[in-house]
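Let's walk through this protein together, going from the overall fold to one strand and then to the ligand. Keep the 3D view open as you read.

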Amino acid sequence: MTEPHVRMLIVFYSRTGTIEALARVAAEAAREAGAEVRLRRAREVASVEDMAKVEGWLDEAHRQNALYPAPTDEDAEWADAILFGTPSYFGAPATELKNYLDRLGPQWKRGALSGKVGGAFAAASWPHGGSEVVTLALYAPMAHLGMVILPTGYTDDAMLEAGSPYGASAIVGAGKGQPRPEVLDAARHQGRHTVAITRALVRANEMPSRNRTSD
Ligand SMILES: Cc1cc2nc3c(=O)[nH]c(=O)nc-3n(C[C@H](O)[C@H](O)[C@H](O)COP(=O)(O)O)c2cc1C
């Protein structure tokens with residue numbers, strides 16, 4: 001039997017590269033599992049003047065924005081599965097990512113995302129710095145959009161080592177740098193797992209937004 005084609009959108013916001021690293025390996029693993037992946041970085045909403053007050057922010061934004069297109073509403077409609085990645089900012093998801101979600105009103109109205117698989121992953125400086133909270137916070141908009149929320153659970157040892165039952169999660173500490181290999185494994189697992197479950201729904205013809213014939 002031919003495997004159904006799975007389309008995955010990964011939308012992330014990352015200021016210093018941690019979430020970017022998780023998003024990249026999740027995308028890589030999803031592609032290896034046969035999915036077509038669009039990797040998109042939500043754009044800044046702060047003014048250039050305010051960004052300039054934070055060391056390195058503008059440089060990182062330029063670097064990452066040259067690599068990843070901004071997410072569009074068409075990306076969300078195209079996808080069968082969407083993974084959202086965000087840092088914890090005072091225990092809440094990044095405004096930049098939320099701003100993308102907040103532009104999906106027309107899609108919500110048409111039920112255009114209903115039945116699509118959704119998941120989230122996060123990063124924080126400290127073990128209790130909010131990575132689980134922000135992952136769960138993203139479940140609410142996914143529910144409003146009618147998505148099939150997919151936690152990772154402990155479906156792989158990688159989630160015991162470095163994830164949470166909700167999704168991959170990086171603790172970066174005071175310094176910056178690449179996430180630990182265990183964290184990258186958890187993100188890879190989340191990418192693969194999301195493709196497997198999405199593929200099953202596509203195969204079962206349980207992807208309402210794919211079957212829609214008119215608005
Ligand atoms: C405005 C702001 C608020 C933050 N609040 C928290 C926090 O409440 N708890 C925490 O552990 N880390 C906090 N951090 C650290 C970020 O979560 C951390 O730098 C981020 O997860 C790294 O991801 P990135 O490299 O993808 O940007 C905050 C960072 C910023 C800029």
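The notes below start with the whole chain and then turn to its parts.

## The chain as a whole

Please keep in mind that this is a predicted model. The protein chain folds into ten helices and seven strands. Its radius of gyration is 16 Å, close to the 17 Å that the globule rule gives for 215 residues, so the chain is as compact as a globular protein of that length. If you lay the C-alpha trace along its principal axes, it spans about 50 × 40 × 30 Å.

How much of the chain is buried? Of its 215 residues, 48% count as buried. Contacts also reach across the sequence: taking those between residues at least 6 apart, 79% join residues at least 24 apart.

## Strand 3 and its cover

A good place to zoom in is strand 3, which covers residues 81-89. Is this strand mostly covered or mostly open? It is mostly covered, with eight of its nine residues buried.

## The partners of strand 3

Which strands run parallel to strand 3? One of them is strand 1 (residues 7-12), which pairs with strand 3 in the parallel sense over five bridges. To find this pairing on your screen, look for M8, whose bridge partner in strand 3 is A81. Strand 5 (residues 117-124) also runs parallel to strand 3, and seven bridges join the two. Here you can use T86 as a landmark, as it stands opposite A122 in strand 5.

Strand 4 (residues 92-93) runs antiparallel to strand 3, and two bridges join them. In this pairing, Y89 has A92 of strand 4 as its bridge partner. Strand 3 and strand 4 form a hairpin with two residues between them. In that turn, F90 has a positive phi of about 55°.

## Around the ligand

Now move to the ligand. How many residues surround it? There are 19, and the closest are S14, T16, T18, P87 and G129. The elements that give two or more residues to this shell are helix 1 (18-32), strand 3 and strand 5. Strand 3 and strand 5, the parallel pair joined by seven bridges, thus both appear in the shell around the ligand.

What classes of residue make up the shell? By class, it has eight nonpolar, nine polar and two charged residues.

Key:
Residues numbered from 1 in each chain as written. Predicted model: local features only at pLDDT ≥ 70, side-chain atom pairs only at ≥ 80, totals over all residues. Helix = DSSP H or I, 4+ residues; strand = E, 2+ residues; numbered from the N terminus. Rg over C-alpha atoms; globule rule 2.2 N^0.38 Å. Buried ≥ 20, exposed ≤ 12 C-beta atoms within 10 Å, placed from the backbone. Contact = placed C-beta atoms within 7 Å. Pairing = 2+ DSSP bridges. Near = placed C-beta within 6 Å. Nonpolar A, V, L, I, M, F, W, Y, C, P; charged D, E, K, R; others polar.
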